[in-house]
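These exercises are worked from the sequence and the model shown below. Try each task before reading its solution.

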Amino acid sequence: MAKRTDPDPRAILRDGLPDRYLTPDDIAEIFGVPKETVYQWRKKRVGPPGFRIGKHLRYDPADVWAYVNQRKHAETLAA
């Protein structure tokens, strides 16, 4: 099995924002969900906001970070 050379996007996001846009695969790995769930979130307009570059779906790390913080804040208020 080949060793993965890309750093784990979850570790990068914890320590700071990566210097690239995230892919649906990155989002699935960060949140620990299947990639199909990421596409369903987009279709239902829930989850972190994404955008298209041509036919490719991408996520701005700052938007993902803001989404996580918003969810944390909403959970705190609901408790």
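**Exercise 1: an aromatic cluster**

F31 is partly exposed, as its relative accessible area is 27%; buried means under 20%, exposed over 50%, and partly exposed in between, with a 1.4 Å probe and protein chains only. The model is predicted: local features need pLDDT of at least 70, side-chain atom pairs count only at pLDDT 80 or more, and totals for chains, interfaces and linings use all residues. Residues are numbered from 1 along each chain as its sequence is written, and side-chain values use heavy atoms, leaving out hydrogens and water.

Task: find which rings are linked with F31 into a cluster.

Solution.
1. Rings of Phe, Tyr and Trp (its six-membered ring) pair if their centres lie within 6.5 Å; planes under 30 degrees apart are stacked, over 60 edge-to-face, and the rest tilted. By this rule there are three aromatic pairs.
2. The ring centres of F31 and W41 are 5.8 Å apart and the planes stand at 85 degrees, so this pair is edge-to-face. F31 belongs to helix α2 and W41 to helix α3 (residues 35-44), ten residues apart. Helices are DSSP runs of H or I with at least four residues, numbered from the N terminus.
3. F31 and Y67 also form an edge-to-face pair, with 6.2 Å centre to centre and 80 degrees between the planes. Y67 sits in helix α4 (residues 61-78), 36 residues from F31.
4. Ring pairs thus link F31, W41 and Y67 into a cluster. Y67 counts as buried, at 16% relative accessibility.

**Exercise 2: the two sides of α4**

Task: decide where the buried residues of α4 lie around its axis.

Solution.
1. The buried residues of α4 are P61, V64 and Y67.
2. They cover an arc of only 120 degrees, taken from the directions from the helix axis to the C-beta atoms, so they are on the same side of α4.
3. On the other side of α4, the exposed residues are Q70, H73, T76 and L77.

**Exercise 3: the largest nonpolar core**

Task: list the residues of the largest nonpolar core and name the helix that gives the most to it.

Solution.
1. A nonpolar core is a set of buried Ala, Val, Leu, Ile, Met, Phe, Trp, Tyr and Cys residues joined through side-chain atoms within 4.5 Å.
2. The largest one has eight residues: L22, I27, A28, I30, V38, L57, Y59 and V64.
3. Helix α2 (residues 24-31) gives the most, with three residues.

Technical notes. Helix = DSSP H or I, 4+ residues; strand = E, 2+ residues; numbered from the N terminus.
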